[in-house]
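Please work through the exercises below with the sequence and the structure open beside you. Each task is followed by a solution that goes step by step.

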Amino acid sequence: MQAKKRYLLVSVGAGLLFLVYLWGLQIGEFQQQPYQYHQFPQYPQYHQSQEAYQPLPQRSPSRPPRHWPESTQQLEPYLEGGEQEEDSPQLHHQHTSPRERRAIRDNIYKNKRCRMETCFDFARCQSGFRVYIYPPQRGDEISETYQKILSSIEESRFHTKDPSRACLFILAVDTLDRDQLSAQYVQNVRLRIQNLPTWNDGRNHLIFNLYSGTWPDYTEDLGFEVGQAMLAKASADVVNFRPNFDISIPLFSKDHPLKGGGIGYLTLNDAPPSRKYLLVFKGKRYLTGIGSETRNALYHIHNGEDIILLTTCKHGKDWEKHKDSRCDRDNEVYSKFDYQELLHNSSFCLVPRGRRLGSFRFLEALQAACIPVILSNGWELPFSEVIDWRKAAILGDERLLLQVPSITRSVGRDRILALRQQTQFLWDAYFSSVTKIVLTTLEIIQDRVDSHVSRNRLLWNSLPGGLHALPQYSTDPSQFPFYFAILGKSPSQQFTAVIHTVTPLQSQISPVVKLIIAVAKSKFCAQIVVLWNCDKPLPPRNKWPSTSVPLTVIEGQTKTMSSRFFPHDVILTDAVLSLDEDSVLSTNEVDFAFIVWQSFPERIVGYPARSHYWDSSRSRWGYTSKWTNDFSMVLTGAAFYHRYYHYLFTHYVPASLLTMVDRMANCEDILMNFLVSAVTKQSPIKVTQKKQYKETMMSQGSKSSRWADPDHFAQRQTCMNAFSHWLGFMPLVHSQMRLDPVLFRDQVSILRKKYRDIERL
């Protein structure tokens, strides 16, 4: 028995020694072989109910890599024969190896671990978020696109000409195109940047870039070290992207407008949500170099009916030299379809990667209300730090191309409509112009700097968007007029009357005294605030009428016209009733207008209406006060609006426009209408017509009367065009709707009517 045990132990030991010996031989052989393998980036897993792909499960890190025997036979591609191009030996040597690509990446991103906490000097931002642009040096060549970026910053409220007050620095050197084969490539960028007096290894600097690397591998080589500078980069790779430090921006063309931008193509009566085509794409097919795999395989899912995926290899100088067996057939079908017709008549638009991860097709699909189906593994989507792209796009995987048709067919109509509506919101809020792209970038950085007052995802992903919801006003969405419906809340049940006064208080029968008494009788009035912008001394308290609500008189320090919309801390209610001192309103009119405003808290609701028109003879916008069947403005001489617009008017409107308003002592009401319509994309609300409403001042001959000024009307024409130039488009919206009380003007007893006094006026 003992002999059997000894024999068994010896056998087991010998077997273990033999296995150890074989393992040692294999390790030695593996180390001697010049075997290289490609490292693929780890793409994020996308989890969506219907519209996303589920990547294959990744290999467990604990499993050792399988050692494949060396073979001299090249593996066959999954594409059909004749579609894989024969590269010359010289072409193979032009490709960089994975090790070389890693070396390039590590050289550029030496500070890959940079975060705001480690590579940003917050002490520079103590005086506020200000952005400084270096002055251009002699010989600097700036592209048209980069000039648009610089102009957007210079016209923003963040710009400063004093570098000592700057929190963020922008280069005057054009770094947008870092493709060495491009005519826009700027030489000696490294030397120019390092000679800047405040470069400091890039700390507190922002670098814009659209194109990096060159043919055939298109690595993210910028040709200089970014150091601790933040990158606002298109086609950003998640491998090199520094989260919450760099910013991914969209790839846009040189023709992208500076301001305004084209409108989206989704219309209100665009129903049903399904379109003629399910999925479309029309673009280049690359025969050599990176980015050719996915586009070369699109023909597998093209069916010529509701899935139209068209590619052409007819581009570049040597396309015929490299063309495959499908080129002629693809080129023939490619020319039969109009791209715009496909774009505007498809529910989904395929956005595969090109040479780089980003593509022009992305913004084109957003504008056309065509839901993007993104096939670009490793692409950090634009502004993904704040935008929830799952609400506007289908996030796919290049490796699961054949699943795209079934995935898109499984999306329900209600979901398609919601996705398309979100594409229009995102396009208009953040991507329709260079200015919006740049301002979104700066606002994201400001949110990082002032993290205690930053926007949440609701503000970024809901109308009107993060650019118009300033967190310095409040970080609570319920404090804004746009989110009451989303949050299931209602505005406060009271209002604050703000009366703008520019003439002396002559007696107890003055119009302003009558106005105070009428407004104070409203059951919804919480308080009355009089803004004393008169040059005469402030009257004593006993000169003002006694009221049942608090009456506060604020003497303006600057006594300017724009100060009537200053966000005074004394205003605590959501609703503000803005009044000129000569307004003639009854208590019934005040109550009814406030009831209407509670249903439209994001709009201006009031009485005196005006309109705009396009003067084709002068190629300019015109202003009219004629009685017509429509209107586009409600003047703030007698109107309700949310108090947030006071803050937005003061802190969002450029100082140059406020100065213009103060210099002319005119147009502040027009500017407020422009601002609110630009934010809401809607018209104001006009309540019951009142022809007896007079806009004239008490003394027509008084020098203080702006209505008596003969230049008053001409100035308002000038303001219309100056304000539209600021925005880059005309935001005012015409409307023919007027809201009247129930039974208004009906031939019934006056006793059955709630607002009886309105009809008597």
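**Exercise 1.** Not counting residues up to four places away in sequence, which residues does Thr-145 touch?

*Solution.* Bear in mind from the start that this is a predicted model. Begin by locating the residue: Thr-145 sits in helix α5. Leaving aside residues up to four places away in sequence, Thr-145 touches Leu-176, Leu-210, Phe-252 and Lys-254. Its relative accessible area is 10%, and because buried means under 20%, Thr-145 is buried.

**Exercise 2.** Determine how helix α5 and helix α14 are placed relative to each other, and which residues bring them into contact.

*Solution.* Find α5 at residues 144–154 and α14 at residues 434–449, whose axes come within 9 Å and cross at roughly 60°. The two helices are therefore oblique to each other, and their crossing is right-handed. On the side of α5 the contact is made by Lys-148, Ile-149, Ser-152 and Ile-153, while α14 contributes Val-434, Thr-435, Val-438 and Leu-442. Sorted by class, the residues of this contact are five nonpolar, two polar and one charged. As background to such lists, an α-helix has 3.6 residues a turn, so residues three or four places apart point the same way.

**Exercise 3.** Decide whether Thr-441 is buried or exposed, and describe its surroundings.

*Solution.* Thr-441 belongs to helix α14. With a relative accessibility of 0%, Thr-441 counts as buried. Not counting residues up to four places away in sequence, Thr-441 touches Leu-206, Phe-208, Ala-232, Ile-247, Ile-249 and Phe-383. A further distance can be read between C-alpha atoms: those of Thr-441 and Pro-382, which lie 59 residues apart along the chain, are separated by 10.0 Å.

**Exercise 4.** Work out at what angle helix α19 and helix α21 pack, and what kinds of residues form their contact.

*Solution.* Helix α19 covers residues 644–651 and helix α21 covers residues 668–680; they pack at an angle of about 105°, with their axes 11 Å apart. Since angles of 65 to 115 degrees count as roughly perpendicular, α19 is roughly perpendicular to α21. The contact is made by Tyr-645, His-646, Leu-648 and Phe-649 of α19, together with Glu-668, Leu-671, Met-672, Leu-675, Val-676, Val-679 and Thr-680 of α21. By class, this contact of α19 with α21 has eight nonpolar, two polar and one charged residues.

**Exercise 5.** Compare the settings of Asn-188 and Cys-667, each of which has a positive phi without being a glycine.

*Solution.* For Asn-188, phi is near 60°, and the residue lies in the loop between β3 (177–178) and α6 (189–194). For Cys-667, phi is about 75°, and its place is in the loop between α20 (655–664) and α21. Turning to accessibility, Asn-188 counts as exposed at 55%, whereas Cys-667 counts as buried at 0%.

**Exercise 6.** Establish how many residues of helix α18 are buried, and how far the helix reaches.

*Solution.* Helix α18 (residues 587–599) has 13 residues and reaches 19 Å from its first C-alpha to its last, which is close to the 18 Å expected at 1.5 Å a residue. The helix is mostly covered, with eleven of its 13 residues buried, among them Phe-592, Phe-594 and Trp-597. As a setting for this result, 53% of the 761 residues of the protein count as buried.

Key: Residues are numbered from 1 along each chain as its sequence is written. This is a predicted model: local features need pLDDT of at least 70, side-chain atom pairs count only at pLDDT 80 or more; totals for chains, interfaces and linings use all residues. Side-chain values use heavy atoms; hydrogens and water are left out. Axes are lines fitted to C-alpha atoms, for helices over the stretch in contact, and angles run from 0 to 180 degrees between N-to-C directions. Helices (H or I, at least four residues) and strands (E, at least two) are DSSP runs, numbered from the N terminus. Angles under 35 degrees count as roughly parallel, over 145 as roughly antiparallel, 65 to 115 as roughly perpendicular and the rest as oblique. A crossing is left-handed if the near helix is turned anticlockwise from the far one by less than a right angle, and right-handed if clockwise. Contact means heavy atoms within 4.5 Å. Ala, Val, Leu, Ile, Met, Phe, Trp, Tyr, Cys and Pro count as nonpolar, Asp, Glu, Lys and Arg as charged, and the others, Gly among them, as polar. Buried means under 20% relative accessible area, exposed over 50%, partly exposed in between (1.4 Å probe, protein chains only). The expected span of a helix is 1.5 Å times one less than its number of residues.
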